[in-house]
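Hi,

Here's the structure I promised to pass on. Have a look at it first, and my notes follow underneath.

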Amino acid sequence: MTYKTYPKMKDSGVEWIGDIPEGWELRKFRTVCQLRQGLQIPISDRFDKQGSHELPYITAKSIHAGKFYDYIKNPSKRVVCYENDILFGRTGNTGEVVTNIHGVFHNNFFLIDYDKKLIEKNFLIYFLELRSMKEHILLLAGTTTIP
C-alpha cells in the first residue's frame, strides 16, 4: 500500500488565500504577469466569413455562443491570442477566464502575459477561477452600470 504525502503548509499571510505549501513564495500579480487589453474593431473592418488572412474575433458573445460571428483581416500581433494564452474578462464578464482559443481578442478582455518560469498556466487558471479570487476581483473592479 502506498500513501500520498502532502507538502507542509504555511500561512500565506493573506486571509482570502489561506495556507500555501511551505516551498512556495507569495508574489504580487504584477511581478509575474502583465496585462494586454484587446481591441475594439469597427464593424466596417470585420468580415462575416474567414478567409486565408482572417482570424476569428473573440468576443463575450462568441465565447458564450460557442461560435464566431466576425473575422479580422491582418490584425496587429498585440491583439492576437493563441491556445496557450489566457484571456481574462475585463468589462461585462469581469473575471471570466478563457483559454485554448486562437484569434483576435476584443477590448472587453485582457490577455495575461505570465512568466512561464515562475507560474504554470493551469495553476494560474485555477487561481483566477477560485470563488474567493473572483469575489476579490469584483470588489476591486467596483461597479457602475457595467462591472
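Before the sheet, one bit of bookkeeping: two strands count as paired if DSSP finds at least two bridges between them. Also keep in mind that this is a predicted model.

With that cut-off, strand β5 (residues 54-58) and strand β10 (residues 103-105) are joined by 2 bridges, and they run parallel. If you want a spot to zoom in on, I58 stands opposite F105 in β10. The wider picture is an open sheet of 5 strands, ordered β4-β6-β5-β10-β7, with mixed pairing. The edges are taken by β4 (46-47) and β7 (80-81); each has a single partner strand, so one side of each is left without a neighbour in the sheet.

Now the aromatics, which I enjoyed poking at. There are 2 aromatic pairs in the structure. One of them is W24 with F123, edge-to-face, at 5.2 Å centre to centre and with 85° between the planes. That pair links distant parts of the chain: W24 sits in the loop between β2 (19-21) and α1 (29-32), while F123 belongs to helix α3, 99 residues apart. F123 also pairs with F127, this time stacked, with 6.2 Å between the centres and 15° between the planes. Both F123 and F127 lie in helix α3, 4 residues apart, or about one turn of the helix. Put together, W24, F123 and F127 make one aromatic cluster.

What does the surface look like around there? W24, F123 and Y126 make a nonpolar surface patch of about 340 Å². Y126 is in helix α3 (residues 121-129). As for how open these side chains are:

- Y126 has 53% relative accessibility, so it counts as exposed, the cut-off for exposed being over 50%.
- W24, at 43% relative accessibility, counts as partly exposed.
- F123 is partly exposed too, with a relative accessible area of 32%.

Last item: which charged residues lie over a ring face? K61 lies over the face of Y69, at 4.4 Å from the ring centre. R90 does likewise over the face of F110, at 5.9 Å from the ring centre.

If you only have a minute, I'd open the view on F123: this residue is part of the aromatic cluster with W24 and F127, and part of the nonpolar patch with W24 and Y126.

Cheers

Key. Residues are numbered from 1 along each chain as its sequence is written. This is a predicted model: local features need pLDDT of at least 70, side-chain atom pairs count only at pLDDT 80 or more; totals for chains, interfaces and linings use all residues. Side-chain values use heavy atoms; hydrogens and water are left out. Patches are made of residues with over 30% relative accessible area and no salt bridge: like charges are joined within 9 Å, nonpolar side chains (Val, Leu, Ile, Met, Phe, Trp, Tyr) within 5 Å. Accessible areas come from the Shrake-Rupley method with a 1.4 Å probe; for residues, only the protein chains shown count as cover. A salt bridge is a side-chain nitrogen of Lys or Arg within 4 Å of a carboxyl oxygen of Asp or Glu. Buried means under 20% relative accessible area, exposed over 50%, partly exposed in between (1.4 Å probe, protein chains only). Rings of Phe, Tyr and Trp (its six-membered ring) pair if their centres lie within 6.5 Å; planes under 30 degrees apart count as stacked, over 60 as edge-to-face and the rest as tilted. A charge sits over a ring if NZ of Lys or CZ of Arg is within 6 Å of the ring centre and within 35 degrees of the ring normal.
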